[in-house]
Amino acid sequence: MLPRPISDLKVCGILSAAVGAGFAANFRSYLPIPQGWANVESWVFPLSALNLAFHEAGHMIFGLLGMQFLMVAGGTIMQLAMPGACLVHFWKRGNWAGVGAMISWLGMNLVNISYYVADAKLQAIILITGVSGSEGGGHDWGYMLETLGLKNYCVGIGQLIFFFGCGLMVFPLFWGASWAWNRWSARAG
(Lines give C-alpha, C1' and ligand atoms only; values in the text may rest on other atoms or scores of the structure.)
Protein backbone atom coordinates (compact mmCIF):
# COMPACT_ATOMS: atom_id res chain seq x y z
CA MET A 1 0.00 0.00 0.00
CA LEU A 2 1.28 3.44 -0.92
CA PRO A 3 1.89 5.85 1.94
CA ARG A 4 -0.03 8.69 0.26
CA PRO A 5 -3.42 8.98 -1.35
CA ILE A 6 -3.30 8.87 -5.14
CA SER A 7 -4.31 12.55 -5.34
CA ASP A 8 -1.09 13.50 -3.50
CA LEU A 9 0.94 11.43 -5.96
CA LYS A 10 -0.76 13.16 -8.88
CA VAL A 11 0.08 16.58 -7.46
CA CYS A 12 3.68 15.49 -6.87
CA GLY A 13 3.83 14.21 -10.45
CA ILE A 14 2.48 17.45 -11.85
CA LEU A 15 4.94 19.53 -9.82
CA SER A 16 7.81 17.27 -10.90
CA ALA A 17 6.77 17.51 -14.54
CA ALA A 18 6.67 21.31 -14.24
CA VAL A 19 10.21 21.36 -12.84
CA GLY A 20 11.37 18.96 -15.55
CA ALA A 21 9.74 21.10 -18.24
CA GLY A 22 11.33 24.24 -16.82
CA PHE A 23 14.81 22.77 -17.00
CA ALA A 24 14.18 21.04 -20.33
CA ALA A 25 12.99 24.30 -21.91
CA ASN A 26 16.56 25.58 -21.52
CA PHE A 27 18.22 22.31 -22.51
CA ARG A 28 19.68 23.63 -25.77
CA SER A 29 21.44 26.42 -23.87
CA TYR A 30 23.37 23.75 -21.94
CA LEU A 31 24.95 22.48 -25.18
CA PRO A 32 27.72 21.77 -25.94
CA ILE A 33 28.30 20.48 -22.43
CA PRO A 34 31.73 18.82 -22.13
CA GLN A 35 33.10 21.09 -19.40
CA GLY A 36 29.79 21.80 -17.72
CA TRP A 37 28.89 18.14 -17.47
CA ALA A 38 32.37 17.34 -16.16
CA ASN A 39 31.74 19.81 -13.33
CA VAL A 40 28.38 18.24 -12.49
CA GLU A 41 29.86 14.73 -12.63
CA SER A 42 32.66 15.69 -10.26
CA TRP A 43 30.07 17.07 -7.82
CA VAL A 44 28.24 13.75 -7.63
CA PHE A 45 31.35 11.62 -8.25
CA PRO A 46 30.71 8.60 -6.01
CA LEU A 47 27.38 7.83 -7.65
CA SER A 48 28.69 8.76 -11.09
CA ALA A 49 31.52 6.26 -10.72
CA LEU A 50 29.01 3.56 -9.80
CA ASN A 51 26.81 4.49 -12.77
CA LEU A 52 29.84 4.30 -15.05
CA ALA A 53 30.75 0.86 -13.68
CA PHE A 54 27.22 -0.42 -14.38
CA HIS A 55 27.30 1.19 -17.82
CA GLU A 56 30.60 -0.44 -18.81
CA ALA A 57 29.53 -3.80 -17.36
CA GLY A 58 26.43 -3.60 -19.52
CA HIS A 59 28.59 -3.43 -22.64
CA MET A 60 30.40 -6.58 -21.60
CA ILE A 61 27.28 -8.49 -20.51
CA PHE A 62 25.20 -7.62 -23.58
CA GLY A 63 28.28 -8.11 -25.76
CA LEU A 64 28.03 -11.82 -24.94
CA LEU A 65 24.89 -11.92 -27.09
CA GLY A 66 27.04 -11.31 -30.16
CA MET A 67 25.04 -8.43 -31.61
CA GLN A 68 26.81 -5.10 -32.09
CA PHE A 69 23.78 -2.90 -31.45
CA LEU A 70 22.85 -4.71 -28.22
CA MET A 71 26.44 -4.56 -27.01
CA VAL A 72 26.53 -0.79 -27.54
CA ALA A 73 23.03 -0.28 -26.10
CA GLY A 74 23.86 -2.58 -23.19
CA GLY A 75 25.69 0.20 -21.38
CA THR A 76 22.59 2.39 -21.23
CA ILE A 77 20.33 -0.58 -20.53
CA MET A 78 22.40 -1.64 -17.52
CA GLN A 79 22.78 1.96 -16.33
CA LEU A 80 18.98 2.14 -16.08
CA ALA A 81 18.37 -1.46 -15.04
CA MET A 82 20.35 -1.25 -11.81
CA PRO A 83 18.40 1.61 -10.19
CA GLY A 84 15.24 0.07 -11.67
CA ALA A 85 15.95 -3.28 -10.00
CA CYS A 86 16.71 -1.55 -6.71
CA LEU A 87 13.46 0.43 -7.03
CA VAL A 88 11.49 -2.82 -7.42
CA HIS A 89 13.34 -4.30 -4.42
CA PHE A 90 12.38 -1.39 -2.16
CA TRP A 91 8.83 -1.23 -3.55
CA LYS A 92 8.19 -4.90 -2.72
CA ARG A 93 9.34 -4.30 0.84
CA GLY A 94 7.31 -1.12 1.31
CA ASN A 95 10.45 0.93 1.93
CA TRP A 96 9.18 4.24 0.56
CA ALA A 97 12.33 6.19 1.36
CA GLY A 98 14.27 3.63 -0.67
CA VAL A 99 11.75 3.90 -3.50
CA GLY A 100 12.15 7.67 -3.50
CA ALA A 101 15.93 7.44 -3.54
CA MET A 102 15.85 4.96 -6.42
CA ILE A 103 13.45 7.14 -8.42
CA SER A 104 15.89 10.01 -7.98
CA TRP A 105 18.85 7.79 -8.95
CA LEU A 106 17.00 6.68 -12.08
CA GLY A 107 16.35 10.34 -12.93
CA MET A 108 20.01 11.18 -12.43
CA ASN A 109 20.96 8.45 -14.90
CA LEU A 110 18.45 9.76 -17.42
CA VAL A 111 19.93 13.26 -17.13
CA ASN A 112 23.39 11.77 -17.69
CA ILE A 113 22.19 9.81 -20.70
CA SER A 114 20.37 12.83 -22.16
CA TYR A 115 23.63 14.73 -22.61
CA TYR A 116 25.20 11.84 -24.48
CA VAL A 117 22.11 11.47 -26.66
CA ALA A 118 22.14 15.19 -27.48
CA ASP A 119 25.88 14.98 -28.23
CA ALA A 120 25.44 12.14 -30.76
CA LYS A 121 25.91 14.37 -33.80
CA LEU A 122 28.55 16.77 -32.47
CA GLN A 123 30.33 14.16 -30.31
CA ALA A 124 32.22 16.74 -28.25
CA ILE A 125 31.99 15.02 -24.85
CA ILE A 126 35.27 13.54 -23.69
CA LEU A 127 34.68 9.83 -23.15
CA ILE A 128 36.46 7.48 -20.74
CA THR A 129 38.93 6.74 -23.52
CA GLY A 130 40.26 10.29 -23.02
CA VAL A 131 39.12 11.55 -26.42
CA SER A 132 35.80 12.73 -27.77
CA GLY A 133 33.63 10.66 -30.07
CA SER A 134 34.55 12.95 -32.99
CA GLU A 135 38.23 12.21 -32.32
CA GLY A 136 37.62 8.48 -32.66
CA GLY A 137 36.54 7.62 -29.13
CA GLY A 138 33.52 5.57 -30.16
CA HIS A 139 30.30 7.29 -29.03
CA ASP A 140 27.51 4.87 -28.01
CA TRP A 141 24.64 7.17 -28.86
CA GLY A 142 26.28 8.36 -32.08
CA TYR A 143 26.31 4.74 -33.25
CA MET A 144 22.83 3.86 -31.97
CA LEU A 145 21.05 6.89 -33.38
CA GLU A 146 22.92 6.57 -36.69
CA THR A 147 21.85 2.92 -36.91
CA LEU A 148 18.24 3.87 -36.17
CA GLY A 149 18.32 6.80 -38.62
CA LEU A 150 17.64 9.30 -35.82
CA LYS A 151 20.96 11.08 -35.49
CA ASN A 152 19.58 14.36 -36.85
CA TYR A 153 17.06 14.38 -33.99
CA CYS A 154 19.60 13.77 -31.24
CA VAL A 155 19.14 17.11 -29.46
CA GLY A 156 15.34 16.80 -29.33
CA ILE A 157 15.54 13.20 -28.13
CA GLY A 158 18.11 14.24 -25.53
CA GLN A 159 15.84 17.06 -24.42
CA LEU A 160 12.92 14.66 -23.93
CA ILE A 161 15.07 12.26 -21.89
CA PHE A 162 16.37 15.23 -19.88
CA PHE A 163 12.79 16.31 -19.10
CA PHE A 164 11.93 12.88 -17.69
CA GLY A 165 15.23 12.71 -15.80
CA CYS A 166 14.73 16.08 -14.11
CA GLY A 167 11.16 15.21 -13.23
CA LEU A 168 12.17 11.91 -11.67
CA MET A 169 15.03 13.49 -9.74
CA VAL A 170 12.73 15.98 -7.99
CA PHE A 171 9.63 13.77 -7.61
CA PRO A 172 10.85 12.24 -4.31
CA LEU A 173 11.34 15.74 -2.87
CA PHE A 174 7.70 16.64 -3.51
CA TRP A 175 6.56 13.18 -2.40
CA GLY A 176 8.52 13.49 0.85
CA ALA A 177 7.22 17.00 1.46
CA SER A 178 3.66 15.78 0.87
CA TRP A 179 4.18 12.93 3.33
CA ALA A 180 5.66 15.27 5.95
CA TRP A 181 2.85 17.81 5.50
CA ASN A 182 0.13 15.18 5.82
CA ARG A 183 1.79 13.70 8.89
CA TRP A 184 2.18 17.13 10.50
CA SER A 185 -1.43 18.03 9.62
CA ALA A 186 -2.73 14.80 11.17
CA ARG A 187 -0.87 15.47 14.42
CA ALA A 188 -1.82 19.17 14.55
CA GLY A 189 -5.47 18.59 13.72
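A crossing of two helices is called left-handed if the near helix is turned anticlockwise from the far one by less than a right angle. The legends below, which use this term, accompany close-up views of a predicted model.

**Figure 1. Overall architecture of the predicted model, which comprises seven helices and zero strands.** Followed along the sequence, the secondary structure reads α-α-α-α-α-α-α. The protein has 189 residues, of which 39% count as buried. Among the contacts between residues at least 6 apart in sequence, 69% join residues that are at least 24 apart.

**Figure 2. Close-up of the packing of helix α4 against helix α6, a left-handed crossing.** The axes of α4 and α6 come within 10 Å and cross at roughly 130 degrees, and α4 is therefore oblique to α6. On the α4 side the contact is made by Gln-68, Phe-69, Val-72, Ala-73 and Thr-76, and on the α6 side by Asp-140, Trp-141, Tyr-143, Met-144, Thr-147 and Leu-148. Of the contact residues of α4, Val-72, Ala-73 and Thr-76 are among the buried residues of that helix, while on α6 the contact residues Asp-140, Trp-141 and Met-144 are buried. Gly-142 and Leu-145 of α6 are buried as well. Beyond the end of α6 comes Gly-149, whose phi is positive and near 75 degrees.

**Figure 3. Close-up of helix α4, residues 68-92, with its bend at Gly-74.** The 25 residues of α4 reach 35 Å from the first C-alpha to the last, which is close to the 36 Å expected at 1.5 Å a residue. The helix nevertheless bends by about 40 degrees at Gly-74, and Gly-74 is itself buried, as are Val-72, Ala-73, Gly-75 and Thr-76. Further along α4, the buried residues include Met-78, Gln-79, Pro-83 and Leu-87. Just after the helix, Gly-94 takes a positive phi of about 70 degrees.

**Figure 4. Close-up of helices α5 and α7, which pass each other in a left-handed crossing.** The two axes come within 7 Å and cross at roughly 160 degrees, so α5 runs roughly antiparallel to α7. The 35 residues of α7 should span 51 Å at 1.5 Å a residue, and its end C-alpha atoms are 51 Å apart, in agreement with that expectation. Within α7, a kink of about 30 degrees lies at Val-170, shortly before the proline Pro-172.

**Figure 5. Close-up of the surroundings of Val-117, a residue of helix α5 (residues 96-118).** Val-117 has a relative accessible area of 0%, and it therefore counts as buried, the cut-off being under 20%. Leaving aside residues up to four places away in sequence, Val-117 touches Trp-141, Leu-145, Cys-154, Ile-157, Gly-158 and Ile-161. Two of these partners, Trp-141 and Leu-145, are also buried residues of α6. Although Val-117 and Trp-141 are 24 residues apart along the chain, their C-alpha atoms are separated by 5.4 Å.

**Figure 6. Close-up of two loop residues, Lys-151 and Gln-123, that touch each other.** Lys-151 sits in the loop between α6 (140-148) and α7 (154-188), whereas Gln-123 belongs to the loop between α5 and α6. With a relative accessible area of 19%, Lys-151 is buried, because the cut-off for that class is under 20%. Gln-123 is likewise buried, with a relative accessible area of 11%. Besides Gln-123, the residues touched by Lys-151 are Ala-120, Lys-121, Gly-142, Leu-145 and Glu-146, not counting residues up to four places away in sequence. The phi of Gln-123 is near 50 degrees, which is a positive value in a residue other than glycine.

**Figure 7. Close-up of Val-11 in helix α1 (residues 6-25), shown together with Phe-174.** The relative accessibility of Val-11 is 47%, and this residue therefore counts as partly exposed, since the exposed class begins over 50%. Val-11 and Phe-174 are 163 residues apart in sequence, yet 8.6 Å apart in space, C-alpha to C-alpha.

Conventions. Residues numbered from 1 in each chain as written. Predicted model: local features only at pLDDT ≥ 70, side-chain atom pairs only at ≥ 80, totals over all residues. Heavy atoms only, no water. Helix = DSSP H or I, 4+ residues; strand = E, 2+ residues; numbered from the N terminus. Expected span 1.5 Å × (residues − 1). Bend = angle between axes of the 7 residues up to and from the residue. Buried < 20%, exposed > 50% of the residue type's maximum accessible area, 1.4 Å probe, protein only. Contact = heavy atoms within 4.5 Å. Axes fitted to C-alpha atoms, helices over the stretch in contact; angles between N-to-C directions. Parallel < 35°, antiparallel > 145°, perpendicular 65-115°, else oblique.
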